[in-house]
Amino acid sequence: DFRQHYPDQAGRFVAITNGYDPEQQIEVGRAAGFRSDVLTIIHAGSLYRRRDPRPLLEAVARVVADQQVPPGRLLVR
């Protein structure tokens, strides 16, 4: 997306993909104080240009309103 939007700067962008070790993820989650009975959704990036959080927020509102997730069991950071 950045290479297309800034073609004169395309050589300056690099993608660093994410990866994880599932066993390590559980240990880190416990150490960070995450509860296994709470669904935690974290957005660690930033919102820029055409990024729109409304679809996610509307979906969260819908599952809460429809009681698909019990009150107090969903955390969005």
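**Exercise 1. Glutamine 67: classify its exposure, place it in the chain and check its phi.**

Solution. At 67% relative accessibility, glutamine 67 counts as exposed, because exposed means over 50%. This is a predicted model, by the way. Next, the location: glutamine 67 sits in the loop between α3 and β2. Now the backbone. Most residues other than glycine have a negative phi. Glutamine 67 isn't glycine, yet its phi is positive, near 55°.

**Exercise 2. Lay out the secondary structure of the protein chain and say how much of the chain is buried.**

Solution. Start with the count: the chain has three helices and two strands. Reading from the N terminus, the order is α-α-β-α-β. Then burial: of the 77 residues, 5% are buried.

**Exercise 3. Check the span of α3 against the expected value.**

Solution. Helix α3 has twelve residues. Its span, taken from the first C-alpha to the last, is 16 Å. At 1.5 Å a residue, the expected value is 16 Å, so the span is close to what you'd want. Walk off the end of the helix and you're back at glutamine 67, which follows α3 with its positive phi.

**Exercise 4. How many salt bridges does a search of the whole structure find, and what does aspartate 1 do in them?**

Solution. The search turns up four salt bridges. Side chains of opposite charge can pair when their charged atoms come close.

- Step 1: aspartate 1 and arginine 49 form a salt bridge, with 3.5 Å from N to O. Aspartate 1 is in the segment before α1 (2–5), while arginine 49 is in the loop between β1 (39–41) and α3 (54–65), so this pair ties together parts 48 residues apart in sequence.
- Step 2: aspartate 1 also forms a salt bridge with arginine 51, at 4.0 Å from N to O. That pair again links distant parts of the chain, with aspartate 1 in the segment before α1 and arginine 51 in the loop between β1 and α3, 50 residues apart.
- Step 3: check exposure. Aspartate 1 has a relative accessible area of 41% and is partly exposed. Arginine 49, at 36%, is partly exposed, and arginine 51, at 43%, is partly exposed too.
- Step 4: put the pieces together. Asp1, Arg49, Arg50 and Arg51 are linked in a network of salt bridges.

**Exercise 5. Describe the salt bridge between aspartate 52 and arginine 54, and sort each partner by exposure.**

Solution. The closest N and O atoms of aspartate 52 and arginine 54 are 2.8 Å apart. Aspartate 52 has a relative accessible area of 38%, so it's partly exposed. Arginine 54 comes in at 52%, so this one counts as exposed. The cut-off that splits the two is 50%.

**Exercise 6. How many aromatic pairs does the whole structure hold, and which rings do they link into a cluster?**

Solution. A pair of aromatic rings is described by the distance of the centres and the angle of the planes.

- Step 1: the search gives two aromatic pairs. For phenylalanine 2 and tyrosine 6, the ring centres are 6.1 Å apart and the planes are at 15°, so the pair is stacked.
- Step 2: for phenylalanine 2 and tyrosine 48, the centres are 5.5 Å apart and the planes are at 35°, so this pair is tilted. Phenylalanine 2 belongs to helix α1 and tyrosine 48 to the loop between β1 and α3, so the contact ties together parts 46 residues apart in sequence.
- Step 3: the ring pairs join Phe2, Tyr6 and Tyr48 into a cluster.
- Step 4: exposure. Phenylalanine 2 is partly exposed at 30%, as are tyrosine 6 at 32% and tyrosine 48 at 29%.

**Exercise 7. Where does arginine 49 lie relative to the ring of phenylalanine 2, and what is its phi?**

Solution. Arginine 49 lies over the face of phenylalanine 2, at 6.0 Å from the ring centre. Arginine 49 also has a positive phi, near 45°, without being glycine. Recall its salt bridge with aspartate 1.

**Exercise 8. Which residues make the nonpolar surface patch of about 240 Å²?**

Solution. Leu56, Leu57 and Val76 make the patch. Valine 76 lies in strand β2 (residues 74–76). At 39% relative accessibility, valine 76 counts as partly exposed.

Key. Residues are numbered from 1 along each chain as its sequence is written. This is a predicted model: local features need pLDDT of at least 70, side-chain atom pairs count only at pLDDT 80 or more; totals for chains, interfaces and linings use all residues. Side-chain values use heavy atoms; hydrogens and water are left out. Patches are made of residues with over 30% relative accessible area and no salt bridge: like charges are joined within 9 Å, nonpolar side chains (Val, Leu, Ile, Met, Phe, Trp, Tyr) within 5 Å. Accessible areas come from the Shrake-Rupley method with a 1.4 Å probe; for residues, only the protein chains shown count as cover. A salt bridge is a side-chain nitrogen of Lys or Arg within 4 Å of a carboxyl oxygen of Asp or Glu. Helices (H or I, at least four residues) and strands (E, at least two) are DSSP runs, numbered from the N terminus. Buried means under 20% relative accessible area, exposed over 50%, partly exposed in between (1.4 Å probe, protein chains only). Rings of Phe, Tyr and Trp (its six-membered ring) pair if their centres lie within 6.5 Å; planes under 30 degrees apart count as stacked, over 60 as edge-to-face and the rest as tilted. A charge sits over a ring if NZ of Lys or CZ of Arg is within 6 Å of the ring centre and within 35 degrees of the ring normal.
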